[in-house]
Amino acid sequence: MKHTLSVLVEDESGVLSRIAGLFARRGFNIESLAVGAAEQGGMSRITMVVPGDEQIIEQLTKQLYKLVNVIKVQDITEIPCVERELMLLKVNASSANRSEIVGLAQIFRARVVDVAEDSLTLEVVGDPGKMVAIVQVLEKFGLQEIARTGKIALTRESGVNTELLKSLQAKV
């Protein structure tokens, strides 16, 4: 199972390197990693997606807390969250299929950010499932390049679990 960890750290040189080293030494992979300034000055939030069972995640959490600059570690996998990712996607586009690609992009609320003679570059923002879906839809045109930021997430203070609501709505 994939777990999403939110790690609050002091914004100091080498913190990310020490965290990545901890994972590497123990043979664990980080599937997604995003780092940015947090709500407090001098702090950064690291959001990472890590494969593993509950026992592995618990062990990693304990190990992370042993690092000097780590302030808080939270497994937010089962907590209602707002999750987003950014992807830039360069797709083959001829004059014959350009309007079809733009139409598909609009369905996913993607923006065209560059137009060339033989390609379109799209910007897509949304949950990770949306990224997978638009890639699948546009593969038939030929994908030249993809760049993704990795997932960022914050817990929902409202406690509303949108994934649960989506699954309930699908059953109706």
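Helices (H or I, at least four residues) and strands (E, at least two) are DSSP runs, numbered from the N terminus. The model treated here is predicted: local features need pLDDT of at least 70, side-chain atom pairs count only at pLDDT 80 or more, and totals for chains, interfaces and linings use all residues. Residues are numbered from 1 along each chain as its sequence is written, and side-chain values use heavy atoms, with hydrogens and water left out.

**Exercise 1. Locate Arg-109 and describe its backbone and its exposure.**

Step 1. Arg-109 belongs to the loop between helix 3 and strand 6 (111–115).

Step 2. Its phi angle is near 55°, a positive value in a residue other than glycine.

Step 3. Buried means under 20% relative accessible area, exposed over 50%, and partly exposed in between (1.4 Å probe, protein chains only). Arg-109 has a relative accessible area of 72%, so Arg-109 is exposed.

**Exercise 2. Give an overview of the protein chain.**

Step 1. The protein chain holds 5 helices and 9 strands. Read from the N terminus, its elements follow the order β-α-β-β-α-β-β-α-β-β-α-β-β-α.

Step 2. The C-alpha trace spans about 60 × 45 × 35 Å along its principal axes. Of the 172 residues in the protein chain, 37% count as buried.

Step 3. Contact means heavy atoms within 4.5 Å. Among contacts between residues at least 6 apart in sequence, 73% join residues at least 24 apart.

**Exercise 3. Determine the strand order of the open sheet of 4 strands, and find which strands stand at its edges.**

Step 1. Strands of a sheet pair through backbone hydrogen bonds, either parallel or antiparallel. Two strands are taken to pair if DSSP finds at least two bridges between them.

Step 2. In this open sheet the order is 2-3-1-4, and the pairing is antiparallel. Strand 2 (32–37) and strand 4 (70–75) are at the edges; each has a single partner strand, so one side of each lacks a neighbour in the sheet.

Step 3. Axes are lines fitted to C-alpha atoms, for helices over the stretch in contact, and angles run from 0 to 180 degrees between N-to-C directions. With direction ignored, neighbouring strands of this sheet are turned by 15° against each other on average.

**Exercise 4. Follow strand 1 (residues 2–10) to its partners and to the helices on the sheet.**

Step 1. Strand 1 pairs with strand 4 in the antiparallel sense over 5 bridges, and with strand 3, also antiparallel, over 9 bridges.

Step 2. Val-7 stands opposite Val-73 in strand 4 and opposite Ile-46 in strand 3. Val-9 has Val-70 of strand 4 as its bridge partner.

Step 3. Helix 1 (residues 15–25) packs on the sheet and touches strand 1, strand 2, strand 3 (43–51) and strand 4; its direction makes about 20° with that of strand 3. Helix 2 (residues 54–66) also packs on the sheet, touching strand 1, strand 3 and strand 4, and its direction makes about 170° with that of strand 4.

Step 4. Strand 1 is mostly covered, with 7 of its 9 residues buried.

**Exercise 5. Describe how helix 1 and helix 2 pack, and which residues make the contact.**

Step 1. The two helices pack at an angle of about 140°, with their axes 11 Å apart. Helix 1 is therefore oblique to helix 2. Angles under 35 degrees count as roughly parallel, over 145 as roughly antiparallel, 65 to 115 as roughly perpendicular and the rest as oblique.

Step 2. Ile-19, Leu-22 and Phe-23 of helix 1 make the contact with Leu-60, Gln-63 and Leu-64 of helix 2.

**Exercise 6. Identify the largest nonpolar core and the elements that supply it.**

Step 1. A nonpolar core is a set of buried Ala, Val, Leu, Ile, Met, Phe, Trp, Tyr and Cys residues joined through side-chain atoms within 4.5 Å.

Step 2. The largest such core has 17 residues, and Met-87, Ile-101, Ile-134 and Leu-138 have the most contacts inside it. Strand 5 (81–92), helix 3 (98–107), strand 7 (119–126) and helix 4 (128–138) each supply at least two of its residues. Helix 4 gives the most, with 4 residues.

Step 3. Leaving aside neighbours within four places in sequence, Leu-138 is in contact with Leu-89, Val-91, Ile-101, Leu-104, Leu-122 and Leu-143.

Step 4. A second, separate core of 16 residues includes Leu-5, Val-7, Ile-57 and Val-73.
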